[in-house]
Amino acid sequence: MSSEPEGRFHTVDVSSITRGPRRATLRTSDGVPIEAVHDPCAAGETDTAIVVAHGFTGSADRPAVRRAAGVFAQYTGVVTFSFRGHGRSGGRSTVGDREVLDLAAAVEWARSLGYARVATVGFSMGGSVVLRHAATHKGSTEACPAHTDAAVCVSAPARWYYRGTAPMRRLHWLVTRPAGRLVGRLGFATRIDSEGWDPVPLSPVEAVPLIAPTPLLIVHGDRDPYFPLDHPRMLAAAGPAPLWLEPGMGHAENAADEELLRRIAQWLSVA
């Protein structure tokens with residue numbers, strides 16, 4: 001886990017919540033440029049924003065991410081962004097380690113837009129990042145402008161290095177082998193760091209007990225082909241957090257339908 005402070009964004013100055021989608025380039029605390037998009041609430045002025053953290057090989061412009069942003073924007077403002085190594089962001093993916101700094105920069109940007117309350121929703125790899133971010137960025141807005149007021153993880157792993165399913169064995173090949181990283185870059189537009197974790201970051205299940213009193217919701221599909229149900233159950237058992245097991249749901253943002261996204265937004269409105 002990096003001990004560096006949360007990043008500052010480098011974009012045009014914004015003193016209040018603006019109307020219409022807005023793109024910006026943020027700068028993380030370790031100097032990586034991150035593309036981000038702000039969608040204001042369609043229902044009018046609000047003091048709440050949701051920051052969406054996509055899964056591995058996703059980006060701010062992927063259809064499933066834009067769909068989630070569109071549903072959330074019916075309730076709150078929304079900030080989407082591309083993790084390092086994804087989309088138009090710089091750097092290389094560390095598959096959930098230094099991505100905490102990317103999320104911190106996006107949360108801080110949301111607060112600069114005028115939102116007093118900022119929640120985070122992460123899918124798969126983004127879900128693990130949301131958990132670790134919520135555990136490590138805490139305190140008042142003045143002391144830690146990158147902190148989250150509520151967190152939701154969807155289809156997140158509980159532990160690192162899991163290879164118990166065929167999709168996860170393929171993902172490990174993609175990340176750990178030179179040929180796999182080439183496929184990641186050419187086939188999935190994802191640039192992956194060749195260096196291993198050193199040190200190994202705090203695992204998601206280790207992060208959960210550190211999140212309270214920040215409200216946390218865990219969501220997982222019972223047909224998830226990547227992470228079986230022992231993962232969400234381990235997360236829920238590690239701390240005070242409700243667990244929604246969704247019948248028939250597969251994995252991450254691609255499997256999250258509009259009804260589920262609406263329920264998540266409604267839960268965040270009262271969390």
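**Cysteines**

Start by selecting the cysteines of this predicted model. How many disulfides does a search of the whole structure find? It finds zero. A disulfide is a covalent bond between the sulfur atoms of two cysteines. Select Cys144: it is in no disulfide, and the nearest cysteine sulfur, that of Cys153, is 19 Å away. Now select Cys153. Why does its sulfur form no bond with that of Cys144? The two sulfurs are 19 Å apart, which is too far for a bond, since a disulfide needs sulfur atoms within 2.5 Å. Cys144 counts as buried because its relative accessibility is 7%. Cys153 also counts as buried, at 1% relative accessibility.

**The sheet**

Next, show the strands. Eight of them form an open sheet with mixed pairing, in the order S1-S2-S4-S3-S5-S6-S7-S8. Select residues 22-27 for strand S1 and residues 243-246 for strand S8: these are the edge strands, and each pairs on one side only. On average, neighbouring strands of the sheet are turned by 20 degrees against each other, with direction ignored.

Stay at S1 and add strand S2, residues 33-39. The two strands run antiparallel and are joined by six bridges. To see one place where they face each other, select Ala24, which stands opposite Ala36 in S2.

Move to strand S5 (117-123) and strand S6 (150-154). S5 and S6 run parallel, with five bridges between them. Here Phe123 stands opposite Val154 in S6.

Keep S6 selected and show its side chains. In a regular strand the side chains alternate between the two faces of the sheet. From S6, Ala150, Val152 and Val154 point one way, while Ala151 and Cys153 point the other way. Is S6 enclosed or open to the outside, and why? Five of its five residues are buried, so S6 is largely enclosed by the rest of the structure.

**Two helices**

Select residues 125-136, which make up helix H3. H3 lies across strands S3, S5, S6 and S7, and runs at about 140 degrees to S5.

Then go to helix H2, residues 99-112. At 1.5 Å a residue, its 14 residues should span 20 Å, and its end C-alpha atoms are 20 Å apart, so the two values agree. Of the 14 residues in H2, 13 are buried. Just after H2, select Gly114, which takes a positive phi of about 110 degrees.

**The nonpolar cores**

The largest nonpolar core has 49 residues. Select Leu26, Val51, Phe56, Phe81, Leu131, Leu216 and Leu235, the members that touch the most others. Which element gives the most to this core? It is H2, with seven residues. Another core lies apart from this one and has 26 residues, among them Leu217, Trp244, Met249 and Leu261.

Return to Phe56 and show what surrounds it. Leaving out residues up to four places away in sequence, Phe56 touches nine residues by name: His86, Ser93, Val95, Met125, Leu171, Leu174, Val175, Thr190 and Ile192.

**Backbone exceptions**

Most residues other than glycine have a negative phi, and most peptide bonds are trans. The next selections depart from this.

- Thr57, in the loop between S3 and helix H1 (63-72), has a positive phi near 75 degrees. Thr57 is buried, with a relative accessible area of 17%.
- Tyr161, in the loop between S6 and helix H4 (166-176), has a positive phi of about 65 degrees.
- Pro199, in the loop between helix H5 (178-188) and helix H6 (204-207), follows a cis peptide bond from Asp198, with omega near 5 degrees.
- Pro213, in the loop between H6 and S7, follows a cis peptide bond from Ala212, with omega near 10 degrees.

**Last stop: Gly221**

Finish in strand S7 by selecting Gly221. Is Gly221 buried or exposed? At 2% relative accessibility, Gly221 counts as buried. Add Met249, which is 28 residues away along the chain, and compare the C-alpha atoms: 4.3 Å separates them. Leaving aside neighbours within four places in sequence, Gly221 is in contact with Leu229, Glu246, Met249 and Gly250.

Note on methods: Residues numbered from 1 in each chain as written. Predicted model: local features only at pLDDT ≥ 70, side-chain atom pairs only at ≥ 80, totals over all residues. Heavy atoms only, no water. Buried < 20%, exposed > 50% of the residue type's maximum accessible area, 1.4 Å probe, protein only. Pairing = 2+ DSSP bridges. Helix = DSSP H or I, 4+ residues; strand = E, 2+ residues; numbered from the N terminus. Axes fitted to C-alpha atoms, helices over the stretch in contact; angles between N-to-C directions. Contact = heavy atoms within 4.5 Å. Expected span 1.5 Å × (residues − 1). Core = buried A, V, L, I, M, F, W, Y, C linked by side-chain atoms within 4.5 Å.
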